[in-house]
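This report introduces a protein model to a reader who has not met it before. Please keep the sequence and the structure in view while reading.

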Amino acid sequence: QDSLDKATAIREKQLAEFNAEEKDLLESISALKAAITVLSKHHGGSTGGFLQMPKTHMLGVAATLQNELTKHASLLEGVLTPTERKAAALFVQQPTDYFDAAPTFKQSYA
């Protein structure tokens, strides 16, 4: 019975940790969706508006993305494709240059 109680306690702790991490991730996704909505409305619904974002905002987006990718790496393991991971990593490394760079052969067909 003692082993069963210990196992139950471990599972309850894991569930609580998972629920907290899931809540945090869902809140982050919501915040990013809201930011995209606001930005698209602010820039007339065009995707070109994102490119006109001030450098400080772009750096903030990159920092948030890096934080979320690092914090929730295990949850995102099966969600992001290798191509999406690479694109996110490239953006995080040089956010202000990311949209200015000419696409490589592979990027143009992604």
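A residue is called buried under 20% relative accessible area, exposed over 50%, and partly exposed in between, with a 1.4 Å probe and protein chains only. This is a predicted model, in which local features need pLDDT of at least 70 and side-chain atom pairs count only at pLDDT 80 or more, whereas totals for chains, interfaces and linings use all residues. Residues are numbered from 1 along each chain as its sequence is written, and side-chain values use heavy atoms, with hydrogens and water left out.

**Overall architecture**

The chain contains 7 helices and 0 strands, and its pattern along the sequence reads α-α-α-α-α-α-α. Helices (H or I, at least four residues) and strands (E, at least two) are DSSP runs, numbered from the N terminus. The chain has 110 residues, of which 12% count as buried. A contact is defined as heavy atoms within 4.5 Å. Among the contacts in the chain with a separation of 6 or more, 59% join residues 24 or more positions apart.

**Salt bridges**

A salt bridge is a side-chain nitrogen of Lys or Arg within 4 Å of a carboxyl oxygen of Asp or Glu. The search of the whole structure yields 3 salt bridges, which are set out below.

| Lys residue | Acidic partner | Closest N and O atoms |
|---|---|---|
| Lys6 | Asp2 | 3.6 Å |
| Lys23 | Glu27 | 4.0 Å |
| Lys71 | Asp24 | 2.6 Å |

Lys6 and Asp2 are separated by about one helical turn because they stand 4 residues apart in helix H1 (residues 2-42). Lys6 and Asp2 are both exposed.

Lys23 and Glu27 also lie in helix H1, 4 residues apart, which is about one turn of the helix. Lys23 has a relative accessible area of 52% and is therefore exposed, while Glu27, with a relative accessible area of 45%, is partly exposed.

The salt bridge of Lys71 with Asp24, with its closest N and O atoms 2.6 Å apart, links distant parts of the chain: Lys71 belongs to helix H3 (residues 55-71) and Asp24 to helix H1, 47 residues apart. Lys71 is partly exposed, its relative accessible area being 45%.

**The contact of H3 with H5**

Two packed helices are described by the angle between their axes and the distance between the axes. Axes here are lines fitted to C-alpha atoms, for helices over the stretch in contact, and angles run from 0 to 180 degrees between N-to-C directions. The axes of H3 and helix H5 (residues 82-93) come within 9 Å and cross at roughly 135°. Angles under 35 degrees count as roughly parallel, over 145 as roughly antiparallel, 65 to 115 as roughly perpendicular and the rest as oblique; H3 and H5 are therefore oblique to each other.

Which residues of H3 and H5 meet? On the H3 side they are Met58, Val61, Ala62, Leu65, Gln66 and Leu69, and on the H5 side Ala88, Phe91 and Val92. By class, this contact of H3 with H5 comprises 8 nonpolar, 1 polar and no charged residues. In this classification Ala, Val, Leu, Ile, Met, Phe, Trp, Tyr, Cys and Pro count as nonpolar, Asp, Glu, Lys and Arg as charged, and the others, Gly among them, as polar.

**Individual residues in H5 and H3**

Arg85 is located in helix H5 and is partly exposed, with a relative accessible area of 31%. Not counting residues up to four places away in sequence, Arg85 touches Ala73, Leu76, Glu77 and Leu80. The C-alpha atoms of Arg85 and Leu69 are separated by 9.1 Å, and these residues are 16 residues apart along the chain.

Thr56 is found in helix H3. Its relative accessibility is 59%, so Thr56 counts as exposed. Thr56 and Thr96 are 40 residues apart in sequence and, C-alpha to C-alpha, 9.1 Å apart in space.
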